[in-house]
Amino acid sequence: MSKTLFDKVWDTHVVRKIEGGPDVLFIDRHLIHEVTSPVAFLGLKSRGIKVLYPERTFATADHNTPTINQHLPVADPLSANQLKALESNSNEYGISHWGLGHQKNGIVHVVGPEYGITQPGATIVCGDSHTSTHGAFGAIAFGIGTSEVEMVLSTQCIMQPKPKKMRINVNGKLGVGVTPKDVALFIISQLTTSGATGYFVEYAGDVFENMSMEGRMTVCNLSIEMGARGGMIAPDETTINYVKGREFSPKGEAWDKALAYYKTLKTDPDAVFDKELTFDGATIEPMITYGTNPGMGMGISHDIPDAAHVEGGAATYAKSLDYMGFHEGDSMIGKKVDFVFVGSCTNGRIEDFRAFTSIVKGRHKADDVTVWLVPGSHIVESQIKDEGLLDILTEAGFTLRQPGCSACLAMNDDKIPAGKYAVSTSNRNFEGRQGPGSRTMLASPLVAAAAAVTGVVTDPRTLIEELV
Amino acid sequence: MAYDKFNILRSTAVPLPIENIDTDQLIPARFLKATERVGFGDNLFRDWRYNPDNSPKKDFVLNNPIYSGKILVGGKNFGSGSSREHAAWAVYDYGFRCVISSFFADIFKNNCLNIGVLPVQVSPEFAEKIFTAIHADPKTELEVNLPEQTVTLLATGEKETFEISTYKKDNMMNGFDDIDYLQSIKPEIEEFALHLPL
């Protein structure tokens with residue numbers, strides 16, 4: 001029977017099917033961080049059970065970590081306590097722990113791929129909804145709750161009903177200044193934040209085939225923002241070249257065996273999806289959000305739509321615009337920007353900093369904008385330095401912070417103050433997401449850069465040299 | 001973690017007819033720093049419920065004494081966003097045992113089922129009926145009957161059925177959790193692990 005890529009990976013990992021219930025799904029790789037794991041470990045302790053396969057779980061601290069002065073003790077006692085709990089739990093159960101100060105420390109969805117923990121055709125979970133990132137490699141990867149973290153620790157399995165399958169095709173040539181982030185925000189704007197709920201998405205078409213692994217990770221990362229459990233892209237030469245030789249990638253004979261498996265990982269030509277959508281990549285503009293969920297996005301040159309033209313109730317829409325301080329019919333171009341945040345598991349990789357630097361090179365940071373540039377890992381941080389980007393950024397008036405989730409969810413001190421506007425390359429513009437009362441506009445690193453040098457929302461295409 | 005068994009729940013309900021209620025509203029990230037599952041109910045809807053100076057916002061439904069009960073009725077796409085189980089913990093810890101909506105986000109729904117909060121998905125029309133009934137009379141009682149898989153507006157007898165898998169229903173009615181089940185098939189899992197492609 002013909003199968004989709006998703007079917008192939010899922011079916012390979014089903015330990016048992018329960019009549020009238022979920023599948024018992026085996027998990028190859030489990031990533032944990034300080035926020036969603038402590039209660040799972042408490043559960044293990046109270047039940048008196050061990051971690052079944054500690055070598056399949058990896059711990060990194062990221063949500064709660066400071067992004068300056070990481071050599072100093074963490075000042076917030078609650079954060080420090082959580083970081084300490086991750087360390088002591090990892091040590092007690094024999095789990096690799098990449099805590100603050102460790103060379104491999106960084107955002108869980110950035111370091112996982114960098115060290116080869118992420119493999120094509122694997123099942124990967126983490127107590128974090130952006131685990132969908134790893135689907136870029138043709139893995140089934142999704143976020144889980146803490147009860148499920150405990151399940152994976154204790155039995156390496158979770159119980160999941162098999163989701164429905166959706167394929168999203170995007171073909172055509174992307175315009176100048178249009179990045180993978182824009183492709184993802186465009187798709188979400190078309191589907192809304194619940195349009196893919198109940199589905200697992202496969203992204204197909206030449207737009208994704210032509211993307212780097214970094215770009216594919218950005219796209220798959222945002223799958224959850226349209227409600228999908230996850231998103232995945234069939235592995236190809238780009239994928240295999242990225243994975244090969246990384247620290248935790250298979251080696252020698254194991255690599256040959258893995259490679260044979262990777263090559264089976266594609267949707268059969270006549271396989272059927274529950275839903276299939278196709279978009280023309282050439283129609284996508286640089287995107288920006290104007291509301292309080294990631295589905296409220298539009299091409300940067302458009303005006304904020306009327307309630308009559310958006311899905312959902314008028315009252316909820318009015319509440320959202322009121323929170324943002326925006327009005328129907330407003331243009332986004334020229335809106336005041338107080339903060340710019342570049343980073344997160346969505347856009348905290350080297351390509352994102354290359355993109356940001358390409359715009360700010362030879363320009364200068366606008367005086368009244370605060371800019372936080374936060375690499376996703378120490379590898380990204382080193383790349384920024386080694387490629388000479390840091391020199392350009394410094395010249396333009398920017399500084400680089402240290403790796404972590406930072407202002408994406410503002411659990412540490414990197415909070416956007418109440419009422420202030422931020423252009424952020426992260427993934428959520430929910431009310432208060434970046435700090436109580438903060439107002440977030442999601443966009444690509446290019447749009448972030450254009451705002452950083454002008455102090456207002458600016459179409460990056462007006463700053464790209466080729467077009468001038 | 002064991003939780004109370006769920007059978008038939010009769011209660012008044014708290015209406016929150018806002019769409020896309022996300023996990024950052026249910027429990028803002030700055031309240032995720034605990035290492036134990038205690039006190040999350042205090043911060044349920046923190047920023048909708050309290051002013052920055054911690055005084056209650058009078059116009060928010062949880063601060064309105066005429067509305068109360070063990071059932072929360074939310075707008076479409078309830079629980080979107082993060083996988084934080086803390087959002088479901090906050091709902092449970094506040095005292096809700098059931099959330100009714102015309103549509104739920106996947107992970108939140110799963111998390112609820114894993115901790116003993118029953119997510120009940122009804123049609124948009126029935127959700128509207130419930131909102132209208134509660135707004136007309138805050139003492140309106142609902143009956144959520146898990147064995148029968150029905151939700152009923154007791155005043156009028158109007159009812160609708162809802163879906164839940166046989167497995168999860170059995171778990172909720174008996175207070176079992178998935179870890180008990182998985183532990184019981186551990187030898188099968190260990191055997192399975194010997195034959196993986198990676």
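## Helix α11 of chain A

On the face of α11(A) turned away from its buried side you'll find the exposed residues A:Ala314, A:Ala318 and A:Asp322. Everything here comes from a predicted model. The helix runs over residues 314-324, and its buried residues are A:Thr316, A:Tyr317, A:Ser320 and A:Met324. Looking down the axis of α11(A), those buried residues fit within an arc of 100°, so they line one face of the helix. The background is familiar: an α-helix has 3.6 residues a turn, so residues three or four places apart point the same way.

What sits over that buried face? The cover for the buried residues of α11(A) includes β18 (439-442) of chain A. Right after the helix comes A:Gly325, with a positive phi near 75°.

## Helix α6 of chain A

Now for α6(A), which covers residues 180-191. How many of its 12 residues are buried? The count is 11, so α6(A) is largely enclosed by the rest of the structure. The buried set is A:Pro180, A:Lys181, A:Asp182, A:Val183, A:Ala184, A:Leu185, A:Phe186, A:Ile187, A:Ile188, A:Ser189 and A:Leu191. Note that A:Lys181 and A:Asp182 are on that list.

The length of α6(A) checks out too: at 1.5 Å a residue its 12 residues should span 16 Å, and the end C-alpha atoms are 17 Å apart, which agrees. Just past the end of α6(A), A:Thr192 takes a positive phi of about 70°.

## Where the chains meet

The contact between the chains draws 64 residues from chain A and 51 residues from chain B. On the chain A side, the elements that each supply at least two residues are β1 (14-17), β2 (23-26), α2 (38-47), α3 (77-93), α5 (146-155), β8 (157-160), α10 (252-262) and α11. So which element of chain A gives the most to this side? That's α5(A), with 7 residues.

Sorted by class, the side of chain A that touches chain B has 24 nonpolar, 30 polar and 10 charged residues. As for the scores, the model comes with ipTM 0.96 and pTM 0.97.

## Chain B as a whole

Chain B has 8 helices and 7 strands. Its mean pLDDT is 96, and 99% of its residues reach 70 or more. The C-alpha trace of chain B spans about 60 × 45 × 25 Å along its principal axes.

How does that fit with a compact globule? For 198 residues the radius of gyration would be near 16 Å, and chain B has 18 Å, which agrees. Buried residues account for 44% of the 198 residues in chain B. Take the contacts in chain B between residues at least 6 apart in sequence: 68% of them join residues at least 24 apart.

## Two residues with positive phi

Some background first: most residues other than glycine have a negative phi, and most peptide bonds are trans. A:Ser406 has a positive phi, near 55°, and isn't a glycine. You'll find A:Ser406 in the loop between α15 and β17 of chain A. Buried or exposed? A:Ser406 is buried, with 32 other C-beta atoms within 10 Å.

Over in chain B, B:Gln149 also isn't a glycine and has a positive phi of about 55°. B:Gln149 sits in the loop between β5 (141-145) and β6 (150-153) of chain B. With 14 C-beta neighbours inside 10 Å, B:Gln149 counts as partly exposed.

## Two loop lysines

A:Lys420 lies in the loop between α15 (389-395) and β17 (421-424) of chain A. It counts as partly exposed, with 18 C-beta neighbours inside 10 Å. Which residues does A:Lys420 contact, leaving aside neighbours within four places in sequence? They are A:Asp338, A:Phe339, A:Ser438 and A:Arg439. A:Ser249, by contrast, is 44 Å away from A:Lys420, C-alpha to C-alpha, and 171 residues away in sequence.

In chain B, B:Lys57 is found in the loop between α2 (46-49) and β2 (71-74). B:Lys57 is partly exposed as well, with 13 C-beta neighbours inside 10 Å. Setting aside neighbours within four places in sequence, B:Lys57 is in contact with B:Trp48, B:Arg49, B:Tyr50, B:Asn51 and B:Asn63. The C-alpha atoms of B:Lys57 and B:Ala127 are separated by 26 Å, with the two positions 70 residues apart along the chain.

Notes. Residues are numbered from 1 along each chain as its sequence is written. Chains are lettered from A and ligands numbered from 1 in the order in which they are written. This is a predicted model: local features need pLDDT of at least 70, side-chain atom pairs count only at pLDDT 80 or more; totals for chains, interfaces and linings use all residues. A residue is buried if 20 or more other C-beta atoms lie within 10 Å of its own, exposed if 12 or fewer, and partly exposed in between; C-beta atoms are placed from the backbone. Helices (H or I, at least four residues) and strands (E, at least two) are DSSP runs, numbered from the N terminus. The arc is that of the directions from the helix axis to the C-beta atoms. Two residues are in contact if their C-beta atoms, placed from the backbone, lie within 7 Å. Ala, Val, Leu, Ile, Met, Phe, Trp, Tyr, Cys and Pro count as nonpolar, Asp, Glu, Lys and Arg as charged, and the others, Gly among them, as polar. The expected span of a helix is 1.5 Å times one less than its number of residues. pLDDT is the predictor's confidence in each residue, from 0 to 100. The radius of gyration is taken over C-alpha atoms; the globule rule is 2.2 Å times the number of residues to the power 0.38.
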